[in-house]
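Colleague: Could you walk me through this one? I'd like to start with how the chains meet and then go into the parts of each.

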Amino acid sequence: MAVEDDDFERPLRDLEKKIEELSGVPGGDDRADEIARLVRRLETMRQEIYARLSPWQRALVARHPKRPYTLDYIQFLFSDFVEIHGDRKYSDDPAIVAGLATYKGTPVAVIGHQKGRDTREKVRRNFGMPRPEGYRKAMRVMDLAEKFQRPLFTFVDTPGAYPGKGAEERGQAEAIAISLRTMARLSIPIVVTVTGEGGSGGALAIAIGDRVLMLENSIYSVISPEGCAAILWSDQGKAKEAARAMRITAPDLKELEIVDEIIPEPPGGAQADPARQASILDEVLMAQLEEIRSLPSSDRLEMRYQKFRRMGKFGQAKFF
Amino acid sequence: MDIAWFKKIRKPKQPVENRRMQVPEGLWVKCNSCKEIIYKKEVLRNSNVCPKCNYHFRISARERLAALFDEGRYQEVDTDIYSIDPLRFRDVKPYKDRLREYRERTGLNDAVINARGTMGGFQVTLSVMEYGFMGGSMGSAVGEKVTRAVERSLDERIPLVVISCSGGARMQEGALSLMQMAKIAAALGKLHEAGIPYISVLTDPTAGGVTASYAMLGDLNIAEPKALIGFAGPRVIEQTIREKLPEGFQRSEFLLEHGMLDFIVERREMREILIKCLKFLVNTEALAASAPAAGSSTAAAGSSGGAVQDSEASGQMARSREPLPFPTSIVARKQAQPPEIR
């Protein structure tokens, strides 16, 4: 790749514009041929660009404003969704959506981060950054799922837990910690999908499961590339280097044995064709749920324990 | 949001042999909090606490161990675990060079020491974090060691005490460090279900992924005075909300006021208070009733460097004034040295 460009979609947009211009002008058969040729070229170009995205560019795709969010996936994948609000302690948190739904005839629980589309909605959803109430609401739904023995699906897409004053006062760290411990010990099947940004502890809090899946262009990291760059390089501008160094892409995480499966995205990413993305995801979710649902719950629980127990790479020397 | 505190290290840390020197060198020291000039011996006599304003100077993990166990005697375990550089991470400096430097500087393999011994006669597992090693940051080695401490407590059915002192997860290990939160929390879930006591002690600072996992999961969460405790760092919060944080924000007293801590305890009373709590938490009868038929053996057993196999499984929770069946700390201080990282 020549230059690592933030606006890597520009050639695609230019070509789309050209096609549009040509279509607007009346012309004969050769004009139609020319358009068809350009459309084919557009598709090839899209595939080529998306096939060689850098880690930083993947982060940009993961944050793409048109990317499908949890409520979109819920609409595509589940029926009878009933959203549940509030933590019954302090308030509701629109940055996390949670509720009851049906998946292929089976009642299930669903939890996910939720970002907004337009400015108003973005603010209301706090850009997908939950406060402690969000995690406590999520835990309420986990408890319901456990009590009534329903499988749980979670969808992860957050820049991180909200670093705000009130969030700290009300125990952001405690809420995340309890959620981690709770999810690790639920007896029900849990399938986690990282759909966009897997931002640190705020993502992990709802990402402990029997299966952890990642969309091809999603990211998962301990800190944002910008945050890492600011601390280790003392320069936010080094985000591209940080994105590469931290190994945040789906293939990286698969290699590090943190995720089980990478879910392919349509050419141009999930945002190019949300319906198609949902149906690709659907197939994987169905297969994964089937696999883990057939296990006795005690085996499943121990397998989940061992799955996370094995994570990490360290050395061990014997000197005694 | 994780280890911003790195940048605040004011001077290179002294080697462990001179670990008392964590209080600035010389005959007199200036308190970091009240800025008073104090006679150093007075600070040392006072458990490294400022006699004027009660500021708790940061002390090393080994000093804590010596201060907490009966007669200062304990056995270090899991000393053979060390960090590698799984991502070949390089920022302005390669991670493996940083690791080598901190090993030399602290004489430790990583940012936590696991030990066992007795406290007020109770057998306990203790995990103590060392801020001097890369800001106490949590990578795979720290995660593994804390998990082994939890599993040891689970296997031997003895209480766990973890003393946290950490800027959070270690960025140089990427998502692997993030996953340590999940790993430890899962182990603590088992411990919780087994009804085995866990006391979490938060010291200055406890932040990021450490707070948001094991530090907040104790049956009791207690802290030293004025410790900085939080999820996000103060600078990140100030940048986000674009306003100055009030004095004392995210300090122990603030957390206590907001209901996030059980109590604050001064360093010189720490041991005594922990023992008082253990008297309540260690209920031999309840534990015997809930004990699994055979040992709930986990991965840690057997693989740990120098773990003592204690025969009387059920009697372990009982208080005993018997001498410890293992060598004293002096022997254990001989560290296993990791091979050179390639």
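Colleague: How many residues does each chain bring to the contact?

Modeller: Bearing in mind that this is a predicted model, the contact takes 71 residues from chain B and 52 residues from chain A.

Colleague: And how much area is buried between chain B and chain A?

Modeller: The size of an interface is often given as the accessible area lost when the parts come together. For chain B and chain A that area is about 5600 Å², and carbon and sulfur atoms give 68% of it.

Colleague: Which residues in chain B lose the most area to chain A?

Modeller: Those are Met171(B), Met179(B) and Phe231(B), which together account for 12% of what the chain B side buries.

Colleague: Switching to chain A alone, which domains does the assignment give?

Modeller: The domain assignment of chain A gives domain 1, covering 9-52, and domain 2, covering 59-309. Their centres, taken over C-alpha atoms, are separated by 36 Å, and four residues of domain 1 are in contact with seven residues of domain 2.

Colleague: What area is buried between those two domains of chain A, and which three residues of domain 1 supply more of it than any other three?

Modeller: The area buried between domain 1 and domain 2 of chain A is about 410 Å², with 58% given by carbon and sulfur atoms. On the domain 1 side, Arg46(A), Gln47(A) and Tyr50(A) supply 84% of the area buried against domain 2, more than any other three residues.

Colleague: What about chain B, where are its domains?

Modeller: In chain B, domain 1 is assigned to 28-57, while domain 2 is made of 59-290 + 315-332. The centres of these domains of chain B, again over C-alpha atoms, are 25 Å apart, and nine residues of domain 1 are in contact with nine residues of domain 2. The area buried between them is about 790 Å², of which carbon and sulfur atoms give 37%. In domain 1 of chain B, Ser47(B), Asn54(B) and His56(B) lose the most area to domain 2, together 55% of what that side buries.

Colleague: Back to chain A: at what angle do helices H1 and H2 cross?

Modeller: The axes of H1(A), residues 10-24, and H2(A), residues 29-51, come within 10 Å and cross at roughly 165 degrees. Because of that angle, H1(A) is roughly antiparallel to H2(A). Their crossing is left-handed, and the residues making the contact include Leu15(A) and Ile19(A) of H1(A) and Leu38(A) and Leu42(A) of H2(A).

Colleague: How many residues of each class does that contact have?

Modeller: The contact of H1(A) with H2(A) has eleven nonpolar, one polar and five charged residues.

Notes: Residues numbered from 1 in each chain as written. Chains lettered and ligands numbered in written order. Predicted model: local features only at pLDDT ≥ 70, side-chain atom pairs only at ≥ 80, totals over all residues. Heavy atoms only, no water. Axes fitted to C-alpha atoms, helices over the stretch in contact; angles between N-to-C directions. Helix = DSSP H or I, 4+ residues; strand = E, 2+ residues; numbered from the N terminus. Parallel < 35°, antiparallel > 145°, perpendicular 65-115°, else oblique. Left-handed = near helix turned anticlockwise from the far one by under 90°. Contact = heavy atoms within 4.5 Å. Nonpolar A, V, L, I, M, F, W, Y, C, P; charged D, E, K, R; others polar. Domains from an automatic or database assignment. Buried area = accessible area lost by both parts, 1.4 Å probe.
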